[in-house]
Amino acid sequence: MTIRVLLADDQALLRSAFRVLVDSEPDMEVVGEASDGAQAARMAAEQRADVVLMDIRMPGTDGLAATRMISADPSLAHVRVVILTTFEVDDYVVQSLRAGASGFLGKGSEPEELLSAIRVAAGGEALLSPAATKGLIARFLAQEGTAGEERDPARAERLETLTVREREVLVQVAGGLSNDEIAERLEVSPLTVKTHVNRAMAKLGARDRAQLVVIAYESGLVRPRVE
């Protein structure tokens with residue numbers, strides 16, 4: 001299957017560079033380019049994109065608003081948004097993950113990392129490196145004093161619908177572990193872990209693993225220690 005990629009960045013030079021890189025791969029193709037968020041959200045539907053590489057800061061409708069638009073459209077439930085940012089973790093990126101982005105990537109990443117990110121996102125996995133996950137945890141800790149105002153009570157209540165094992169798996173997902181790593185730690189099969197993850201996503205209304213991480217910390221299920 002060919003991964004259909006939409007490029008959203010207000011800098012034409014960067015879009016051109018990304019297009020050359022993506023189109024050079026046999027398993028992916030660029031299906032469109034957008035210079036602002038509104039155009040990106042519209043083209044995601046028109047071009048039936050699988051993955052959107054979204055610049056977070058664009059004039060007019062920015063990447064955050066566009067991500068919300070895509071996530072709110074049931075017909076685009078299959079679309080994965082990868083945020084492109086100058087900084088690996090900032091408040092804007094955290095908001096993007098809350099809005100439904102599958103992960104984020106620094107603009108200074110190597111070409112192989114970008115291509116791998118597209119494949120990971122298209123496969124439904126969370127694009128959160130261990131370093132990025134630690135950064136997110138630090139952000140949530142810093143915001144802990146005011147986080148209660150931003151929490152979704154409905155999501156917190158939905159945690160009660162999770163089984164004991166699903167909660168255990170969710171805690172491991174929040175730690176940035178892969179299915180294989182979780183399976184080894186809990187002494188079950190990777191397929192069993194995947195089943196628990198999918199059920200937790202369905203019960204909590206999460207689009208993907210990235211949102212599971214956000215929900216785990218915001219709901220208070222996971223309270224990391226400050227190292």
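Reader: Hi! Which elements do the buried residues of α2 pack against?
Author: In this predicted model, they pack against three strands, β1 (3–8), β2 (28–34) and β3 (51–55), and against the helix α3 (63–72).

Reader: And which residues of α2 are the buried ones?
Author: Helix α2 covers residues 37–46, and its buried residues are G37, A40, A41, M43 and A44.

Reader: Cool. What caps the N-terminal end of α2?
Author: That's D36: one of its side-chain oxygens lies 3.1 Å from the backbone nitrogen of A38. Just after α2 you'll find R48, with a positive phi of about 50 degrees.

Reader: You mentioned α3. Is T67 in there buried or exposed?
Author: T67 does lie in α3, and it counts as buried because its relative accessibility is 0%.

Reader: What does its side chain pair up with?
Author: A polar atom of the T67 side chain lies 2.8 Å from the backbone oxygen of G63. Beyond its neighbours within four places in sequence, T67 is in contact with residues including M54, V81, I83 and S96.

Reader: New topic: at what angle do α11 and α12 pack?
Author: Helix α11 (residues 190–204) and helix α12 (residues 209–218) pack at about 65 degrees, with axes 10 Å apart. That makes α11 roughly perpendicular to α12. The crossing of α11 past α12 is left-handed.

Reader: Which residues meet there?
Author: From α11 come V197, A200, M201 and L204, and they meet R209, L212 and I215 of α12. Six residues of this contact are nonpolar, none is polar and one is charged.

Technical notes: Residues are numbered from 1 along each chain as its sequence is written. This is a predicted model: local features need pLDDT of at least 70, side-chain atom pairs count only at pLDDT 80 or more; totals for chains, interfaces and linings use all residues. Side-chain values use heavy atoms; hydrogens and water are left out. Buried means under 20% relative accessible area, exposed over 50%, partly exposed in between (1.4 Å probe, protein chains only). Helices (H or I, at least four residues) and strands (E, at least two) are DSSP runs, numbered from the N terminus. Contact means heavy atoms within 4.5 Å. A polar contact is a pair of N or O atoms within 3.5 Å; within protein, one must be able to donate a hydrogen and the other to accept it, and residues adjacent in sequence count only if both atoms are side-chain atoms. Axes are lines fitted to C-alpha atoms, for helices over the stretch in contact, and angles run from 0 to 180 degrees between N-to-C directions. Angles under 35 degrees count as roughly parallel, over 145 as roughly antiparallel, 65 to 115 as roughly perpendicular and the rest as oblique. A crossing is left-handed if the near helix is turned anticlockwise from the far one by less than a right angle, and right-handed if clockwise. Ala, Val, Leu, Ile, Met, Phe, Trp, Tyr, Cys and Pro count as nonpolar, Asp, Glu, Lys and Arg as charged, and the others, Gly among them, as polar.
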